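Student: I would like a close look at one part of this model. Please take a single buried residue and follow its contacts outward, step by step.

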Amino acid sequence: MNAYEEYMKAIVQPMRQELVDAGFTELTTADEVHEFMATTKGVSLVVINSVCGCAAGSARPAVREAIKEIKPDHLVTVFAGQDREATAAMRSYFEEIPPSSPSIAILRDGQLEYFIPREQIEGYEVGQIRDHIVGVLKQACGA
């Protein structure tokens, strides 16, 4: 690993840990993504994490707050720009959606039900993003 990669790994660790501490499982390889998608049942919340300034800085807290209110069956995350193969593998399951990071996908039995792209995160308050996620999760989870 070169010096830049080491530096970036250290920089993004707190951003990764923020979701892991909230109960998310990191999928860091394409194989992990494919295994998850092949075996998952129920409702999954997938966060495509990123270092992208204010959007990611609002998405992570909004997601953490939303799952306090309603928690789906599975919480997983991939990190765009860091775990490139895992991110590409996850995006391959909803190819009709242009790549967007950060972003949030709601899946049922591995099938995309709803997608929140960066454009619906960036520029919004954490509370607005949280409410959006909660509304979608309530509908997906039948709450």
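Tutor: Contact here means heavy atoms within 4.5 Å. The model is a predicted one. Start at Ile-121. This residue is found in the loop between strand 5 and helix 5. Its relative accessibility is 0%, so Ile-121 counts as buried. Leave aside the neighbours within four places in sequence. Ile-121 is then in contact with Ala-55, Ala-59, Pro-102, Ser-103, Ile-104, Ile-116 and Ile-129. Along the chain, Lys-138 is 17 residues from Ile-121, and their C-alpha atoms are separated by 19 Å.

Take Pro-102 from that contact list. Pro-102 lies in the loop between helix 4 and strand 4. The peptide bond leading from Ser-101 into Pro-102 is cis, with omega near 0°.

The loop that holds Pro-102 runs between helix 4 and strand 4, and Phe-94 sits in the loop between these two elements as well. Which rings form the one aromatic pair of the structure? The structure holds one such pair. Its members are Phe-94 and Phe-115, with ring centres 5.6 Å apart and planes at 50°, so the pair is tilted. The pair links distant parts of the chain: Phe-115 belongs to strand 5 (residues 111-116), and the two residues are 21 apart. Phe-94 has a relative accessible area of 1% and is buried. Phe-115, at 12% relative accessibility, counts as buried too.

Strand 5 also borders another loop. Asp-109 is found in the loop between strand 4 and strand 5. Asp-109 has a positive phi of about 50°, although it is not a glycine. With a relative accessible area of 39%, Asp-109 is partly exposed.

Back to the contacts of Ile-121, which include Ile-129. Ile-129 is one of the helix 5 residues that meet helix 3. So look at that packing next. Helix 3 (residues 53-69) and helix 5 (residues 126-141) pack at an angle of about 45°, with their axes 8 Å apart. The two helices are therefore oblique to each other. Helix 3 passes helix 5 in a right-handed crossing. On the helix 3 side, the contact is made by Ser-58, Pro-61, Ala-62, Val-63, Glu-65, Ala-66 and Glu-69. On the helix 5 side, it is made by Val-126, Ile-129, Arg-130, Ile-133, Val-134 and Lys-138. By class, the residues of this contact divide into eight nonpolar, one polar and four charged.

Ser-58 deserves its own step. Its place is in helix 3. Ser-58 is buried, with a relative accessible area of 14%. Not counting residues up to four places away in sequence, Ser-58 touches Tyr-124, Val-126 and Ile-129. Ile-129 thus serves as a link in this walk, since Ile-121 is in contact with Ile-129 as well.

Now follow helix 5 to Ala-140, whose place is in that helix. At 6% relative accessibility, Ala-140 counts as buried. Ala-140 touches Val-43, Ile-106, Arg-108 and Glu-113, again not counting residues up to four places away in sequence. Gly-42 is 98 residues from Ala-140 in sequence, and the two are 9.4 Å apart in space, C-alpha to C-alpha.

Return to helix 3, and turn to helix 1 (residues 3-20). Helix 1 and helix 3 pack at an angle of about 15°, with their axes 10 Å apart. They are therefore roughly parallel to each other. The crossing of helix 1 past helix 3 is left-handed. In helix 1, Met-15, Glu-18 and Leu-19 meet Arg-60, Pro-61, Val-63 and Arg-64 of helix 3. This contact has four nonpolar, no polar and three charged residues. Pro-61 and Val-63 also appear in the contact of helix 3 with helix 5.

One helix pair remains for this walk. Helix 2 (residues 30-39) and helix 4 pack at an angle of about 30°, with axes 7 Å apart. That makes helix 2 roughly parallel to helix 4. Ala-30, Val-33, His-34 and Met-37 of helix 2 make the contact with Glu-85, Ala-86, Ala-89 and Met-90 of helix 4. The residues of this contact divide into six nonpolar, one polar and one charged.

Technical notes:
Residues numbered from 1 in each chain as written. Predicted model: local features only at pLDDT ≥ 70, side-chain atom pairs only at ≥ 80, totals over all residues. Heavy atoms only, no water. Axes fitted to C-alpha atoms, helices over the stretch in contact; angles between N-to-C directions. Helix = DSSP H or I, 4+ residues; strand = E, 2+ residues; numbered from the N terminus. Parallel < 35°, antiparallel > 145°, perpendicular 65-115°, else oblique. Left-handed = near helix turned anticlockwise from the far one by under 90°. Nonpolar A, V, L, I, M, F, W, Y, C, P; charged D, E, K, R; others polar. Buried < 20%, exposed > 50% of the residue type's maximum accessible area, 1.4 Å probe, protein only. Phe/Tyr/Trp six-rings, centres within 6.5 Å; stacked < 30°, edge-to-face > 60°.
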